[in-house]
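Dear colleague,

Please find below the structure that I am handing over to you. My findings follow directly after it.

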Amino acid sequence: MIPGSAVYHVVEAMVPLYTAAVLGYASVRWLRAFSDEQCAGINHFVALYAIPALIFRMVATSDPYGMNGRLIAAATLQKAVILLSLCAWALLLSSYRRRRRHGGDGGGKASDLASPMKWVVTNFSAPTMSSTIIIGVPLLDGMYGTASGSLVAQLVLMQVCIWYNIIIIIFLYEYMAALDGGSAKISPEPPALVENCTRDNEGSNINDGVAGRSEIIMEVVVAPSTARDSPVAAEATTPAREVMMSSAGAAMTAEVLGVSPSVSKYVIWTAGKKLLKIPNTYASFLGLAWSLIASKSGIKMPKIVDDSLLTISTAAVGLSMFASGTFIARQKRFVPCGYGMASISMALKFLVGPVVVLLTSVAIGLHGILLRIAVVQAALPLAVNSFVYAEEYKVHADVMSTGVILGTFISLPVTVVYCMLLGL
């Protein structure tokens, strides 16, 4: 059973989060202190500066040589299983929608034609991205002793270096942004020139600046007007989805997004280049490089550097919750995504995530305290960073904000239940 002191420490960690969220909500809903543009600016600052500083500081102070291989393997396998399952669902759904359109259903609604990739990233984030540092450390320290805090830090290292940056931000968010003709939303550079491409009635070449910036020798043209009535053209509603390669007989085989392989390669290349422009990338891998050197040699980060990072990174969590509060205040409902979607989000977070990691942990051979830590950390609330990125990329921010705020409320009783069940 969790001692009362541990519960108090968790409440100590939770109350400041809600203080920031309530302040953000009140500032917009009642005080009208911030406009929509200013709220977006706050979120952009968090994504561009505060979170990278926090990531670098967390990774740089970790010990990559002392990681528990089986615990990392169990958590990684959980995420891989969920991601692959969601991708399989997306492939089946896309295939079913295309068969319906080919069968003469008229193409369906616009919302039905949207790629399920956005739901892949949302439904992947909900059960796998946990608030391990803010709530996980005090909770698990109270449950299983201070040694559990270092184990949680190991999971954070993998989460911020691999899953946030390579899987969620780049492979999914940036892929969708490039496909839709956008650019890296958290890059300090201006939007990509692809947003300014011009078209005539019969279709024309995309602005030459796009090819120059992408450094790809290819001819990318807008689909002719005669092809816009096809099932693929009906699905491609944005400028980037309307582009096709000049080779007329290219088969449209990219199942999830409904684009040709050549266009898919172009978009992947574009999204990959954005990886080099995002501050999180530098923060993750420079922090990892420093930790590898510092752990071996025993050197410490200069205090002036550490204090500078601390000053900026301290703002990350508070401003993230503040931005979540401002987002909810700008919606028509207090639960922006609706109660049905909120229930699904909570089920993914507190049921699917822990159950899957329990199965993967057993498969890996975890038992005892390590098994309990793996399951309980999966039942922690959704990481606030997930909302920041969802808002930056405009991908289901309503679901993410509800998951963060509502999930933080109910996480304590849920983790207590899991602790009791695992102790039987």
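Arg330, Glu391 and Lys394 are joined in a network of salt bridges. Please note that this is a predicted model. Within the network, Arg330 pairs with Glu391, and their closest N and O atoms are 3.8 Å apart. Arg330 is found in the loop between α12 and α13, whereas Glu391 belongs to helix α15 (residues 384–393), so this pair ties together parts that lie 61 residues apart in sequence. The side chain of Glu391 also meets that of Lys394 in a salt bridge, with a distance of 3.1 Å from N to O.

Are the members of this network buried or exposed? Glu391 has 6% relative accessibility. Because the limit for a buried residue is under 20%, Glu391 counts as buried. Arg330, at 28% relative accessibility, is partly exposed. Lys394 reaches 54% and counts as exposed, since exposed means over 50%.

The count of salt bridges in the model comes to four. Another of them links Lys303 with Asp307, where the closest N and O atoms are 2.6 Å apart. Both residues belong to helix α12 (residues 303–329); because they are four residues apart there, about one helical turn separates them. Lys303 is exposed, with 63% relative accessibility, while Asp307 is partly exposed, with 29%.

I now turn to a pair of helices. How do α13 and α14 run relative to each other? The axes of helix α13 (residues 339–364) and helix α14 (residues 369–378) come within 8 Å and cross at roughly 155°. Helix α13 is therefore roughly antiparallel to α14, because angles over 145 degrees count as roughly antiparallel. The crossing of these two helices, α13 and α14, is right-handed.

Which residues bring α13 and α14 into contact? On the side of α13 they are Lys349, Gly353, Pro354, Val357, Leu358 and Ser361. On the side of α14, the residues they meet are Leu371, Ala374, Val375, Gln377 and Ala378. Sorted by class, the contact of α13 with α14 holds seven nonpolar, three polar and one charged residues. Lys349 in α13 is the charged one, and Gly353 is among the polar ones.

When you open the model, I suggest that you begin with Glu391, as this residue forms salt bridges with both Arg330 and Lys394. You may then follow the contact between α13 and α14 from Lys349 onwards.

Yours sincerely,
A colleague

Key: Residues numbered from 1 in each chain as written. Predicted model: local features only at pLDDT ≥ 70, side-chain atom pairs only at ≥ 80, totals over all residues. Heavy atoms only, no water. Axes fitted to C-alpha atoms, helices over the stretch in contact; angles between N-to-C directions. Parallel < 35°, antiparallel > 145°, perpendicular 65-115°, else oblique. Left-handed = near helix turned anticlockwise from the far one by under 90°. Contact = heavy atoms within 4.5 Å. Buried < 20%, exposed > 50% of the residue type's maximum accessible area, 1.4 Å probe, protein only.
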